[in-house]
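Below are some notes on the structure, written as numbered points for a colleague who will work with the coordinates.

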Amino acid sequence: MKKNASGFLHHFQPYLALDPAIWMIAVARFIIAGGTFVLPVYALILTQKLSLSPADAGMTVFIVSIGGMLGSVLGGYLADTFNRLTLMAISEAFSAASVIAAGMFAYDALSIVFIALSSLALGIMRPAMRAALLSLCSTNRESKRYALSLSYLAFNVGHAIGPLIAGFLLLDYYQWLYWGDAATTLIAAFLLASLIKKTTGKKPKPDKASSQESRENGATENTLKPDKIQIAFFLAVNVCVSFCYAQITFTLPLQMAESFADDGARYYGLILMINALAVLGFTAILTSLTAKTHPINNLMIAISGYGLGYMMIGLMPTLLMMGFAIVIITASEILEVTNGDAYLSELVPETHLGRYVSLSVIANNAGIALCPLLMGFAIEIFGLSWAWYLVGIVTLFTLFCLWVMFKRDKKISSQ
């Protein structure tokens, strides 16, 4: 990739070299995230509009989430069997149709069935989208990281918009909450469908750097066999990393409430705003600065950042310290997202990429699901301040797994 731009702008130049289809997928992901109105406020819909008890609402949200995980399992297999862009477009269209039907029964419990079907379809789409991004890249590590970085940035910008609109629609235009969600999903499906003929049958051409990298690794797409031990470590790391990041939505709000009482909710909103601004400001720069570093090293930096950030919050829960900590945690998330699946794609052949990416998605969801379960018990038994040490223990275990992975990776490369 050329780097003739000077100063700050050279961090953004590699994005321009990405395949136009990757940009289109990023735009589609921005539209999907920006138009996701139902799921961010679904607990409120169940309790306020459908009059479910908190316990029943929690069980319903859990069931809908299980639908998404089952969809990811199915989507991984389908992504290796059919054209991935076609699968993404069909999944999005089916999700939109399900949400439209849910809107027609917005005040009836039957809407839950259609939302579960939509979650299933979105689950099918996710591994196909990740695998498609990686498949459309040049075969070197850098391009994969920039593609994942662009997609991550697009998602976060859209995700910052969606919940704001959702809150407005829930109060005054309830059924349009569903239909607006469906409309943006259909637009994304149309964009993805428009790419199918342009990209079908195309494979990325390796550049000189990637050809050298392939020779060094002693493997090609046709001869590469999945290293199941390395993949098992990778999935364990994924669970732990997701567990750590999920503290932002579970343990951190509880800490804010304990530290700042009635001002906790307001300060938590400020912390989330800092998180969003850090994503916008750091994604391109961190991707550029770490593009040539081994992905496992980047993941070790990321998990170290998680541990440092959360220990800062646990030991010194002041607003200023939490602001610094959330910047470190956000930078760590950026490194994890842009390096995780990029490294996974080096462990498996192209023909199996979809199903292994689906395992990565499931591992992420498992870590997120474990967070409230384990931290809830830890807080109840040890108290909130001591519960943060559990996060520290998890980061140490994750660093050990990454160290083993790095040693195995060097040994495999030397052979």
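The points go from the basis of the values to the overall fold, then to the cores, one helix and some single residues.

1. Basis. This is a predicted model, in which local features need pLDDT of at least 70 and side-chain atom pairs count only at pLDDT 80 or more, while totals for chains, interfaces and linings use all residues. Residues are numbered from 1 along each chain as its sequence is written, and side-chain values use heavy atoms, with hydrogens and water left out.

2. Overall make-up. The protein has 16 helices and zero strands; helices (H or I, at least four residues) and strands (E, at least two) are DSSP runs, numbered from the N terminus. Of its 415 residues, 50% count as buried. Buried is under 20% relative accessible area, exposed is over 50%, and partly exposed lies in between (1.4 Å probe, protein chains only).

3. Surface and contacts. The exposed area of the protein is about 19,200 Å², and carbon and sulfur atoms supply 70% of it. Areas come from the Shrake-Rupley method with a 1.4 Å probe; for residues, only the protein chains shown count as cover. Among contacts (heavy atoms within 4.5 Å) between residues at least 6 apart in sequence, 85% join residues at least 24 apart.

4. Largest nonpolar core. A nonpolar core is a set of buried Ala, Val, Leu, Ile, Met, Phe, Trp, Tyr and Cys residues joined through side-chain atoms within 4.5 Å. The largest one has 54 residues, of which Cys-244, Leu-252, Met-256, Tyr-310 and Ile-313 touch the most other members. At least two residues of this core come from each of several helices, including helix 6 (110-136), helix 10 (228-245), helix 14 (319-347) and helix 16 (384-414). Leaving aside neighbours within four places in sequence, Tyr-310 is in contact with Cys-244, Tyr-245, Gln-247, Ile-248, Ile-329, Trp-388 and Val-391.

5. Another core. Apart from the largest core lies another, of 34 residues, with Ala-89, Leu-136, Cys-137 and Ala-284 among them.

6. Helix 12. From first C-alpha to last, the 26 residues of helix 12 reach 35 Å, close to the 38 Å expected at 1.5 Å a residue; the expected span is 1.5 Å times one less than the number of residues. Where is the kink in helix 12 centred? The kink, of about 45°, is centred on Phe-282. The bend at a residue is the angle between axes fitted to the seven residues ending there and the seven starting there. Buried residues of helix 12 include Gly-264, Tyr-267, Asn-275, Thr-283 and Ser-288. Their cover includes helix 1 (13-16), helix 7 (141-172), helix 10, helix 11 and helix 14.

7. Ser-111 and Ser-358. Ser-111 is found in helix 6 and counts as buried because its relative accessibility is 0%. A polar atom of the Ser-111 side chain lies 2.8 Å from the backbone oxygen of Asp-108. Not counting neighbours within four places in sequence, Ser-111 is in contact with residues including Tyr-42, Leu-50, Phe-105 and Tyr-178. Ser-358, in helix 15, is buried, with a relative accessible area of 4%. The side chain of Ser-358 reaches the backbone oxygen of Arg-355 at 2.5 Å. Beyond four places in sequence, Ser-358 touches Ser-72, Val-73, Gly-76 and Pro-127.

8. Ser-51. In the loop between helix 3 (42-49) and helix 4 (54-79), Ser-51 has a positive phi of about 60° although it is not a glycine. Most residues other than glycine have a negative phi. Ser-51 is exposed, with a relative accessible area of 61%.

9. Gly-376 and Ala-193. Gly-376 is found in helix 15 and is partly exposed, with a relative accessible area of 25%. Its C-alpha is separated by 9.0 Å from that of Phe-250, 126 residues apart along the chain. Not counting residues up to four places away in sequence, Gly-376 touches Phe-250 and Cys-371. Ala-193, in helix 8 (residues 174-199), counts as partly exposed at 36% relative accessibility. Ala-193 and Met-88 are 105 residues apart in sequence and 8.3 Å apart in space, C-alpha to C-alpha.

Methods. Polar contact = N/O pair within 3.5 Å; in protein donor to acceptor, adjacent residues only side chain to side chain.
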